[in-house]
Amino acid sequence: MLTKTTLYSLALVASSAPVALAHWTYSRLIVNNEVVGEPWQYVRHHNNSNAPLTDVNSTDFRCNVDAQPSETYAVHAGDELGFGIDEHFGHPGIQQVYISKAPGAAADYDGSGGWARIYSLTTSAANSTGPELSGRGGSTDAEEEVLAWATNNIQSFRFRLPASTPAGEYLLRAEGLALHAAHKWACAQFYVSCAQVKVVAGNETRDGATGVRTDQGIGPLTKVPGVYRGNEPGVLIPVFWSYLTNYTAPGPPLWPEGTQEQHVAEQL
């Protein structure tokens, strides 16, 4: 079993290696269990390589630095979507996805509208515990669980586009949050890319009074930047990451209502 002391020692050793080796970006869109197109064909290409973002108040926080419009891929509400990760999720942390409806074409949209959080992959159910839980006795600290992360070394992740997503064009924003330095102010590392998708068959319901078809909206909505302040739990953590015993993901409530946080990554 891994203890907190062991994890802390490993983290110190890892910190002496070139940190870029643990960085990543998202360049590939996944639809219904298949990678579609070429890298950056349906994901906005940015000029930040695999470097992290740390300023949550910058407009670069939307889709990364100098992100350029991509092609837009047609999907259906309820499809399984996802992102390929270059090279892999290299730090302890979480993966989230936000979606924002463009007023027209996604290629012309700057992401200044509202964003809904539709996916959150956080801790793993397979947390490690101190050896004292095996009956050898010892300190209370060693008996506490060491959080494991469902994102550990993943190279892709998949999630369901809500079946109630209205028809239209959207930015689909992958947001990885690395926590290895997040016990210090403004040192949480964010890895961000935006895909462009067109929902060609959004969920529609008939109004009981008029019989007219009406699209259901998405929300609650937030702004990016504006979704985080930088000091909320989940972005600024109280202790070094290997000493965390619980974790709360940042962001507005997941949409649709009743969507659950995930603890197992669905990969290709």
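Let's start at one small pairing: Val31 has Glu34 as its bridge partner in strand β2. The model you are looking at is a predicted one, and this pair is a handy place to enter it. Val31 belongs to strand β1, which covers residues 25-31. Strands β1 and β2 pair in the antiparallel sense, and three bridges hold that pairing. Together they form a hairpin with two residues between the strands, where Asn32 adopts a positive phi near 50°.

Now look at the other neighbour of β1. Strand β4, residues 80-86, runs antiparallel to β1, and six bridges join the two. You can follow the pairing residue by residue: Leu29 has Phe83 as its bridge partner in β4, while Ile30 is matched with Gly82. How much of β1 is buried? Six of its seven residues are, so the strand is largely enclosed by the rest of the structure.

These pairings belong to a wider arrangement. Four strands make up an open sheet in the order β2-β1-β4-β9, with antiparallel pairing. The edges are formed by β2, residues 34-36, and by β9, each of which pairs on one side only. From one strand to the next, the twist averages 35°.

Let's move along to β9, which spans residues 156-160 and includes Arg158. Is Arg158 buried or exposed? Its relative accessibility is 12%, and because buried means under 20%, Arg158 counts as buried. Its side chain makes a polar contact of 2.6 Å with the side chain of Glu80. A polar atom of the Arg158 side chain also lies 2.8 Å from the backbone oxygen of Gln267. Beyond residues up to four places away in sequence, Arg158 touches several others, including Ile30, Asn33, Tyr119 and Leu268.

In a regular strand, side chains alternate between the two faces of the sheet. With that in mind, turn to Phe159, also in view here. Leaving aside residues up to four places away in sequence, Phe159 touches a set that includes Phe83, Val97, Ile118 and Leu172.

Phe159 also leads us into the interior. The largest nonpolar core has 35 residues, and Phe159 is one of those with the most contacts inside it, along with Tyr26, Leu29, Phe83, Ile118, Phe157 and Leu172. Which strands supply this core? At least two residues each come from β1, β4, β5 (93-101), β6 (116-121), β9, β10 (168-178) and β11 (189-199). Apart from this core lies another, of 29 residues, among them Leu53, Tyr98, Cys194 and Phe240.

Finally, step back to see the whole chain. The protein chain contains three helices and 13 strands. Of its 268 residues, 49% are buried. Among contacts with a separation of 6 or more, 79% are between residues 24 or more positions apart. The accessible surface comes to about 12,200 Å², and carbon and sulfur atoms account for 50% of that area.

Methods. Residues numbered from 1 in each chain as written. Predicted model: local features only at pLDDT ≥ 70, side-chain atom pairs only at ≥ 80, totals over all residues. Heavy atoms only, no water. Buried < 20%, exposed > 50% of the residue type's maximum accessible area, 1.4 Å probe, protein only. Polar contact = N/O pair within 3.5 Å; in protein donor to acceptor, adjacent residues only side chain to side chain. Contact = heavy atoms within 4.5 Å. Pairing = 2+ DSSP bridges. Axes fitted to C-alpha atoms, helices over the stretch in contact; angles between N-to-C directions. Core = buried A, V, L, I, M, F, W, Y, C linked by side-chain atoms within 4.5 Å. Areas by Shrake-Rupley, 256 points an atom, 1.4 Å probe, with all protein chains shown as cover.
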